[in-house]
Amino acid sequence: MHVAHLSLADFRSYARVEVSLDPGVTAFVGPNGQGKTNLVEAVGYLATLGSHRVSSDAPLVRMGAERAVVRAAVVEGERRQLVELELNPGRANRARINRSSQVKPRDVLGIVRTVLFAPEDLALVKGDPGERRRFLDELITARAPRMAGVRSDYDRVLKQRNTLLKSAAMARRHGGRGADLSTLDVWDQHLARAGAELLAQRLDLVATLQPLADKAYEQLAPGGGPVSLEYRGSAAGPAAGEGAQGPGTREELRDALLGALTESRKQEIERGVTLVGPHRDDLVLRLGRLPAKGYASHGESWSYALALRLASYDVLRGEGPEPVLVLDDVFAELDTRRRDRLAELVAPAEQVLVTAAVDADVPEPLSGARYAVSEGEVERAGP
Ligand SMILES: Nc1ncnc2c1ncn2[C@@H]1O[C@H](COP(=O)(O)OP(=O)(O)OP(=O)(O)O)[C@@H](O)[C@H]1O
């Protein structure tokens with residue numbers, strides 16, 4: 001698939017901007033802070049309903065404006081669809097497909113598919129487990145958009161369960177008899193059901209990613225691997241991910257989560273927080289025998305992050321419409337060898353959007369359409 005037209009209103013620094021795009025490579029080039037990333041961030045938002053830079057929508061709305069609108073014409077084979085998202089921080093966002101009446105924002109997921117490479121990706125390797133969970137969850141949602149609903153169910157149940165545990169912990173600390181925990185069993189059931197679904201998808205994804213990430217790393221840094229991915233579940237036992245060879249059944253995973261919740265209940269009531277479940281899990285990335293986090297060099301960490309994104313691209317491309325590749329400011333961060341390898345690997349994709357401060361940062365294999373971005377103006381600069 002490719003994005004044929006992007007239209008923004010009050011998004012980030014843009015009051016209004018219209019950009020027509022062709023398949024193949026398009027580079028947005030211009031000095032720092034001119035709005036290049038803002039453009040590709042909007043494309044990413046259509047694919048994930050989130051930004052790769054911020055966790056809330058408020059910074060995406062132009063300062064002083066009330067709402068932002070992101071619109072795109074998306075072409076998949078013979079089919080052309082128009083997707084529109086209206087961002088209303090503090091209120092519900094709205095969405096439309098083909099100028100229809102309103103749909104739920106989640107209904108647009110799957111129309112635009114992206115794999116986005118950005119300097120922030122280094123945190124996949126060096127950052128906290130939350131970064132890697134987000135990576136996995138965004139990818140499982142791109143593979144199966146209905147997972148957006150499962151994720152939000154899980155988050156909602158977790159929040160309610162935590163509120164209950166917190167009030168129990170507070171009551172204990174203040175010498176009371178403790179809060180009414182009779183509903184905890186019900187929350188456990190809900191949490192285990194949504195958690196098992198999430199876990200099953202994550203385990204399946206990790207098994208699918210593993211050989212692809214290893215191959216991608218070898219292409220980027222020959223001889224530097226192997227890389228291996230291990231899902232580390234907070235609920236002990238193979239069914240829940242610890243040392244798992246493959247995903248267990250939903251029932252096995254649900255039972256493992258329920259068992260772990262029962263085991264840690266006393267501690268959870270003391271601490272006032274849910275201690276087991278997919279929200280506490282991690283993806284351990286190894287390079288050779290060592291964990292990449294804490295051991296890999298800066299260059300190796302970069303190669304690892306790029307390999308994870310390339311593997312994501314392979315997964316999505318193998319299962320559905322080809323995603324748009326977005327490379328936001330990554331080439332300036334790489335040495336010549338890695339930069340050339342990456343460029344060769346992504347060049348054949350149906351659509352590649354690149355941002356760079358100067359022309360020289362766009363490698364040769366990615367020569368294509370150019371837009372100059374300066375002071376909020378986006379102008380075709382070639383060819
Ligand atoms: N909500 C907002 N309202 C108005 N301006 C904003 C908003 N969010 C970001 N900006 C402005 O957008 C600019 C940053 O744009 P962007 O991140 O796209 O830059 P860039 O061209 O990619 O730069 P670099 O090469 O440094 O990454 C900054 O000047 C910032 O002040």
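Strands β11 (residues 324-328) and β12 run parallel, with four bridges joining them. Keep in mind that you're looking at a predicted model. Its chain splits into domain 1, made of residues 1-113 plus 321-383, and domain 2, residues 127-298. Below is a quick tour of the β12 region, the place where the domains touch, and the residues around the ligand.

**Around β12**

- Strand β12 covers residues 351-356, and six of its six residues are buried, so call this strand mostly covered.
- Look at which way the side chains go: Q351, L353 and T355 point to one side of β12, while V352, V354 and A356 point to the other.
- Both of those sets are buried.
- To find your way from β11 into β12, use L327, which sits opposite V354.
- Strand β3, residues 24-29, is also a parallel partner of β12, and six bridges hold this pair together.
- A handy landmark for the β3 pairing is G24, which stands across from Q351 of β12.
- β11 and β12 also belong to a β-α-β unit with helix α8, and that unit is right-handed.

**Where the two domains touch**

- Measuring from C-alpha centre to C-alpha centre, domain 1 and domain 2 are 31 Å apart.
- The contact between them involves ten residues of domain 1 and eight residues of domain 2.
- On the domain 1 side, the elements giving two or more residues are α1 and α8, the latter spanning 336-346.
- Of these, α8 gives the most, with four residues.
- So what is the class make-up of the domain 1 side that touches domain 2? You'll find four nonpolar, two polar and four charged residues there.
- Helix α8 thus turns up twice in this tour, as part of the right-handed unit with β11 and β12 and as the top contributor to the domain 1 side of the contact.

**Around the ligand**

- The ligand has 18 residues around it, and the ones that come nearest are S13, N32, K36, T37 and N38.
- Which element gives the largest share of this shell? That would be helix α1, residues 36-48, with three residues.
- Helix α1 is also one of the elements that give two or more residues to the side of domain 1 touching domain 2.
- Sorted by class, the shell has nine polar residues, five nonpolar ones and four charged ones.

Terms used
Residues numbered from 1 in each chain as written. Predicted model: local features only at pLDDT ≥ 70, side-chain atom pairs only at ≥ 80, totals over all residues. Near = placed C-beta within 6 Å. Nonpolar A, V, L, I, M, F, W, Y, C, P; charged D, E, K, R; others polar. Domains from an automatic or database assignment. Contact = placed C-beta atoms within 7 Å. Buried ≥ 20, exposed ≤ 12 C-beta atoms within 10 Å, placed from the backbone. Pairing = 2+ DSSP bridges. Right-handed = clockwise from strand over helix to strand, strands pointing away.
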